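Please open the model in your viewer and keep the sequence panel visible. The tour below proceeds by selection, with a note on what is found at each stop.

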Amino acid sequence: MAKINFNNMNLTERDSQNIWHPYTQHKTSKPPIAIVKGEGALLWDENGKEYIDAIASWWVNPFGHSNRFIADAIYKQLTTLEHVLFGGFTHEPAVVLSEKLLEILPKNQNKIFFSDNGSTAVEVAIKVAFQFFYNKNEQKTTLIAFENAFHGDTFAAMAASGISFYTQAFEGMFIDVVRIPVPIKGQEEASFLALRNAINNNNCAGFIFEPLVQGAAGMVMYEPESLDELIRICQENKVLTIADEVMTGFGKTGKTFACDYLKTQPDMICLSKALTGGTIPMAITTFTNAIFEGFYDDDINKALFHGHTFTANPTGCAAALASLELLQTPEMQLNINRIHQKHLVFQNHIKNHPKVATTRVRGVIFALEIKSENQEAYYGNLRNQLYDFFIENGIVLRPVGNIVYILPPYIISDEQLNKVYAVIENAFEII
């Protein structure tokens, strides 16, 4: 076999020789765009083309690309302690981060467990829910989740997810999951009834949910009062509750956590994505003391035997601390409100467009549904047509079927946001 001469290839061509991309059918998809630089809300490809990153690169970069404040914190930590195993050891960045997080999390959260990414944060929570009852010699074998949920790609997280094409190849291999409808407007009572039925007819250990906004389902939104009632029903029936705040956490919904809108708090919270400002993979699952005490025993077998090589990586902790500091600045809080207000103005402008079915806004999240006679596939023709149009016009947006959403970095300028809005409106001319 002849040796490949990579010197004559650009990055995209070299990529195609060796790399398998996520969520990609390589036979039919277009080549990936090679990005060589990012700054603020902008990205540049290898040909010098500029893009506005209107989804914060899968919701992880609230403070923009190449943020100097976070980079300096990472550099400082790298020159002090880059990593140490977390089994039998600890370090200041992890201790301080746990203290800082517990100051701003709902008051019932008392213990922090580190992992690597959103899926593993969820995986930890699901394992804890089942083992909590196992440790008490109670047989609980079922999890409750929303229809069309998405909680990640590891096995338990995938089992809890309800988007079928992600999981259909693995049916029959999962833990038992009962699904209930999301309590969107007009469907609240059906959701409450379905939860009661699920609990009455199964040995349910836990209920996992994306609080207030279902991200991968197309930014489906529902009200805090409905979630309060669902959590109350679970508490009444001794079913543990898990809030998957991987997407919603750290300001996306207008408050630091979506759970801050609630009167009744969950037993566990999963965090990742914006935790480190989009720099270093890290995740956290938080717990009440009651959950922790279910594992606190003289019997070693009742411990939580779960861990990751890079658990509580000091450099990741330093990035997370810098990210938290930025989030809590008055400037960043004003930015979150500024984006929210601009979304409301755009919503008012676009909601009566003849091709718009519905619009919704919560915090920095904006979504609109395009009218369609047919049920649009998640990665169908309409989605691909829209995606290509946005890319051609220098905007990174990833529609979900016929749902177009914006979830930008908090530092995006008004001018950049206006361009995003204009390109979305112009896209109606091609469909």
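**Strand β4 and its partner**

In this predicted model, begin by selecting strands β4 and β12 (residues 283-287), which pair in the antiparallel sense over five bridges. Within this pairing, display Phe-113 together with Thr-285 of β12, its bridge partner. Next, colour β4 (residues 111-115) by accessibility: four of its five residues are buried, so the strand is largely enclosed by the rest of the structure. When inspecting side chains here, bear in mind that in a regular strand they alternate between the two faces of the sheet.

**The β2-β3 hairpin**

Now select strand β2 (residues 42-45) and strand β3 (residues 50-53), which run antiparallel and are joined by three bridges. Leu-42 has Ile-52 of β3 as its bridge partner. The two strands form a hairpin with four residues between them. Centre the view on Gly-48, in the turn, where phi is positive at about 90°.

**From β3 to β15**

Keep β3 selected and add strand β15 (residues 395-396); these two strands pair in the parallel sense over two bridges. Asp-53 can be shown with its bridge partner in β15, Val-396.

**A nonpolar surface patch**

Finally, switch to a surface representation and select Tyr-23, Trp-58, Phe-165 and Tyr-379, which make a nonpolar patch of about 350 Å². One of these residues, Trp-58, lies in helix α2 (residues 56-59). Is Trp-58 buried or partly exposed? Its relative accessibility is 34%, so Trp-58 counts as partly exposed, a class that lies between the limits of 20% and 50%.

How values were computed:
Residues are numbered from 1 along each chain as its sequence is written. This is a predicted model: local features need pLDDT of at least 70, side-chain atom pairs count only at pLDDT 80 or more; totals for chains, interfaces and linings use all residues. Side-chain values use heavy atoms; hydrogens and water are left out. Buried means under 20% relative accessible area, exposed over 50%, partly exposed in between (1.4 Å probe, protein chains only). Two strands pair if DSSP finds at least two bridges between them. Patches are made of residues with over 30% relative accessible area and no salt bridge: like charges are joined within 9 Å, nonpolar side chains (Val, Leu, Ile, Met, Phe, Trp, Tyr) within 5 Å. Accessible areas come from the Shrake-Rupley method with a 1.4 Å probe; for residues, only the protein chains shown count as cover. A salt bridge is a side-chain nitrogen of Lys or Arg within 4 Å of a carboxyl oxygen of Asp or Glu.
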